[in-house]
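Take a look at the chain below. We will walk through it region by region.

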Amino acid sequence: MTSKNNGLSAALVSNLQDVLSKRKGVNDESASEEEPPSTSVAAKEEESDDSRPIVLVTNGDGIDSTGLVSLVEALVKEGLYNVHVCAPQTDKSASSHSMTPGETISASSVNIKGATAFEVSGTPVDCISLGLSGALFAWSKPILVISGINQGSSCGHQRFYSGAVAGASEALISGVPSLSISLNWKKGESQESDFKDAVCVSLPLIDATIRDIEKGVFPKDCSLNIEIPTSPSLNKGFKVTKQSVWRQSPSWQAVSANRHPGAGNFMSNQQSLGAQLAQLGRDASAAGAARRFTTQKKSIVEIESVGVAAKTDSRVKKYFRLEFVAKEQEHTDDDTDIKALEDGFVSVTPLSQLPNIDSETQATVTEWIYKSLSNGQ
């Protein structure tokens, strides 16, 4: 650049070159700040998320329950797993292995920091079936399904009613290893903080399970039902158990109509209007019968029988409420879940798709439990 070519003095040209050079340096620095490199932290984190084992969590108590929230938060905090949640929108305790075929259910996203979560207007089994189907989450299958932490024991025959155990069983049926976890909640004795202690007790077993699934040494064809004692932090250790015959007694109580939430309806409070509508219904039935008689030439006897059949004044409607009551009984078999739980141990019971677990599987699970937990990795 010279004064001969552009008509500018050499001093002015030199000053312009200095300014342009400095401006170029500033622009380069700002560009480097605004344009992140292809290997940014966010990109690396996303890649890391994709490579982590996927864990799917459900429960029977509903997605807002303290047990589930405490467990999910702890799994996210560990940072070892890509945590997904698919849990019932409301409490579905004692829903057993029920599903909702032929009906539309909704799945709404829920904000649980660090996890991909949906609440489903169905049962725990609906949640796991939907979650594993590929229709809700874009995956082939998670490495592990965890159902819990359930509020209340699922020992013995209670597991047949438990929605939490059913969620884990559905995963097992679908070929995915699973754990169901319950806290032996006692009214007047347990408190919300016990769930965090229950999570601390459960995490070593969860970590060991996922580690050994990846190694291919986790016991196959069974699900583990983990029962945590009432005071989790004071537990005496893990004990592999078998399912007992213990159950809580179902207690059906009669409820008066005015105490039943659904019984105090408008019709019962408006008897005169109800009687008028009932009469209109009977008149409509009689009129319909008369029209059928005119068109189909049916007998008078049939018309009268239709009118009589339409009367509903004599129907009796009663209301009942079911509650489960714990039975006081002695449990003498040290190998059962309920005995271990009452003695302060964390009971781990292998469950299979068959009615009873075979002795070989029981022995394999027992060996795995003590070996994996003693490693402490």
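Which residues form a nonpolar patch on the surface? They are Trp 252, Phe 320, Leu 322 and Phe 324. Together they have about 420 Å² of accessible area. Strand 10, residues 319-325, supplies the largest share of this patch, with three residues. Leu 322 is found in strand 10. Its relative accessible area is 35%, so Leu 322 counts as partly exposed.

Now the overall frame. The model is predicted. The protein chain has 12 helices and 11 strands. Of its 377 residues, 39% count as buried. The accessible surface of the protein chain comes to about 21700 Å². Carbon and sulfur atoms hold 51% of that surface. Contacts reach across the sequence: take those in the protein chain with a separation of 6 or more, and 80% of them join residues 24 or more positions apart.

Next, the interior. In soluble globular proteins, nonpolar side chains tend to be buried together. The largest nonpolar core here has 43 residues. Within this core, Val 57, Leu 75, Val 85, Ile 206 and Leu 224 touch the most other members. Helix 7 gives the most to this core, with 10 residues. Another core lies apart from it and has 13 residues. Among them are Ile 54, Leu 56, Leu 132 and Val 176.

Leu 224 deserves a closer look. Leaving out residues up to four places away in sequence, Leu 224 touches Ser 178, Leu 179 and Ser 180, along with Phe 218. On the same count, its partners also include Val 348, Thr 349, Pro 350, Val 365, Trp 368 and Ile 369.

Helix 7 also borders a loop worth visiting. Trp 185 lies in the loop between strand 6 (178-183) and helix 7 (193-215). Is Trp 185 buried or partly exposed? With 22% relative accessibility, Trp 185 counts as partly exposed, because the buried class ends under 20%. Trp 185 and Gln 151 are 34 residues apart in sequence, yet their C-alpha atoms are 5.8 Å apart in space. Setting aside residues up to four places away in sequence, Trp 185 touches Gln 151, Gly 152, Ser 190, Gln 191, Glu 192 and Phe 195.

Turn to the cysteines. A disulfide is a covalent bond between the sulfur atoms of two cysteines. How many disulfides does the model have? The count comes to zero. Why does Cys 86 not form one? Its closest cysteine sulfur, in Cys 127, is 4.5 Å away, and that is too far for a bond; the cut-off is 2.5 Å. Cys 86 is buried, with a relative accessible area of 0%. Cys 155 is buried too, also with a relative accessible area of 0%.

The backbone holds some details of its own. Where is a cis peptide bond found? It joins Gly 148 and Ile 149, with omega about 5 degrees. Ile 149 is found in strand 5, which covers residues 144-151.

Positive phi values come last. Ala 94 is not a glycine, but its phi is positive, at about 60 degrees. Ala 94 is found in the loop between strand 2 (82-88) and strand 3 (107-110). Ser 96 lies in the loop between strand 2 and strand 3 as well. Phi of Ser 96 is near 55 degrees, again a positive value in a residue other than glycine. Ser 96 is partly exposed, with a relative accessible area of 25%.

Terms used
Residues are numbered from 1 along each chain as its sequence is written. This is a predicted model: local features need pLDDT of at least 70, side-chain atom pairs count only at pLDDT 80 or more; totals for chains, interfaces and linings use all residues. Side-chain values use heavy atoms; hydrogens and water are left out. Patches are made of residues with over 30% relative accessible area and no salt bridge: like charges are joined within 9 Å, nonpolar side chains (Val, Leu, Ile, Met, Phe, Trp, Tyr) within 5 Å. Accessible areas come from the Shrake-Rupley method with a 1.4 Å probe; for residues, only the protein chains shown count as cover. A salt bridge is a side-chain nitrogen of Lys or Arg within 4 Å of a carboxyl oxygen of Asp or Glu. Helices (H or I, at least four residues) and strands (E, at least two) are DSSP runs, numbered from the N terminus. Buried means under 20% relative accessible area, exposed over 50%, partly exposed in between (1.4 Å probe, protein chains only). Contact means heavy atoms within 4.5 Å. A nonpolar core is a set of buried Ala, Val, Leu, Ile, Met, Phe, Trp, Tyr and Cys residues joined through side-chain atoms within 4.5 Å.
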